[in-house]
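Could you walk me through this structure in my viewer, one selection at a time? I have not seen it before and would like to know what to click on next.

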Amino acid sequence: MGTNGTHVLNKFLYASMPFDPEKDFEPIGLVSTFPMVVIANPAAPYAGIGDLLAAAKAKPGSVDVALPSTTARLVLELLQEKGKASLQSVPYKGSGTSMTDIIGGQVSVGIDTASAVRSFVSSGKLKVLGVTSLQQSSLLPQAQTVTSQGLDDFQVIAWNGLYAPRGTPPAILQRLSTELGKLLAQPDVRQRLLELGHEPSNGLPEELKTFAASERVKWGPLVKNAGLKVD
């Protein structure tokens, strides 16, 4: 199972890689996607992305944003680029500690996956400022997208895709893709994925290949321009 990390971002973040995400794998199919969400403590003075960017522009670097992942950092970089504002990144090792600090008010804003924030949003412990998919997400159906709030074509989604080693016979790849498609068409499987915070896909290999390639074109320059490195 590959992700936007293993098959897109790591190529630009690490000085060297033990594998080539384009040459060493055959795509079987895209399994699921899940948007990122910009969230805030309910007491924070932001009703949406516009308020957040306005505060950052008024006092650059004054708005702290909790970031538990590289994908969350990409959302921040894209917000700064498209919104022409300066936000202060606060790195975290995982969602657990970042959620605790946002709810506790130590940091007013954060970025995380829909699956990580849904329960806190439904209980009123967090509020959503924007969702990073182009369309409203069935995972948080009441939440506005960032794009609908004035930042055109704003999309950052995490994803999972099934791959096989390069050189796998075409007949086997076709069989695996067919079976994956059947699984993803089953209502109970789709419902379970939604419960886990994933938007089910259709399992087509060409969709995965094209999507991963477009993600590399999109994020490579941004990662380079932002100077993001892991080692």
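## A short tour

Start by selecting Lys218, which you will find in helix α8, residues 205-226. Keep in mind as you look around that this is a predicted model. At 30% relative accessibility, Lys218 counts as partly exposed. Now add Lys57, Lys82 and Lys84 to your selection: together with Lys218 they form a positive surface patch.

**Aromatic rings**

Next, turn to the rings; the structure holds three aromatic pairs. Select Phe25 and Tyr163, an edge-to-face pair with 5.8 Å from centre to centre and 70° between the planes. Phe25 belongs to strand β2 (residues 25-40) and Tyr163 to strand β7 (residues 157-165), so this pair ties together parts that lie 138 residues apart in sequence. Are the two partners buried or exposed? Phe25 is partly exposed at 22% relative accessibility, while Tyr163 is buried at 16%.

Stay with strand β7 and pick Trp159 along with Phe211. Their ring centres are 5.9 Å apart and the planes stand at 70°, so this pair is edge-to-face. Phe211 sits in helix α8, so the pair ties the helix to strand β7 across 52 residues of sequence. Trp159 is buried, with a relative accessible area of 0%, and Phe211 is buried as well, at 16%.

Before leaving the rings, add Phe19 to Phe25 and Tyr163: ring pairs link these residues into a cluster.

**Salt bridges**

How many salt bridges are there to look for? The count comes to seven. Select Arg166 and Glu26, whose side chains meet in one of them at 3.0 Å, N to O. This pair links distant parts of the chain, 140 residues apart, with Glu26 in strand β2. Arg166 is partly exposed at 44% relative accessibility, whereas Glu26 is buried at 15%.

Now go to helix α3 (residues 70-83) and choose Glu77 and Arg73. They form a salt bridge, with the closest N and O atoms 2.8 Å apart. Because they are four residues apart in the helix, about one helical turn separates them. Glu77 is buried at 13% relative accessibility, and Arg73 is partly exposed at 26%.

Move on to helix α6 for Lys182 and Glu179, three residues apart and so separated by about one helical turn. In their salt bridge, the closest N and O atoms are 3.6 Å apart. Lys182 is partly exposed at 48%, and Glu179 is partly exposed at 31%.

For your last stop, select Lys11, Glu22 and Arg216, which are joined into one network by salt bridges that share partners.

Note on methods: Residues numbered from 1 in each chain as written. Predicted model: local features only at pLDDT ≥ 70, side-chain atom pairs only at ≥ 80, totals over all residues. Heavy atoms only, no water. Patch = residues over 30% accessible without salt bridge, like charges linked within 9 Å, V, L, I, M, F, W, Y side chains within 5 Å. Areas by Shrake-Rupley, 256 points an atom, 1.4 Å probe, with all protein chains shown as cover. Salt bridge = Lys/Arg side-chain N within 4 Å of Asp/Glu carboxyl O. Lys, Arg positive; Asp, Glu negative; His and termini not counted. Charge placed at Lys NZ, Arg CZ, Asp CG, Glu CD. Helix = DSSP H or I, 4+ residues; strand = E, 2+ residues; numbered from the N terminus. Buried < 20%, exposed > 50% of the residue type's maximum accessible area, 1.4 Å probe, protein only. Phe/Tyr/Trp six-rings, centres within 6.5 Å; stacked < 30°, edge-to-face > 60°.
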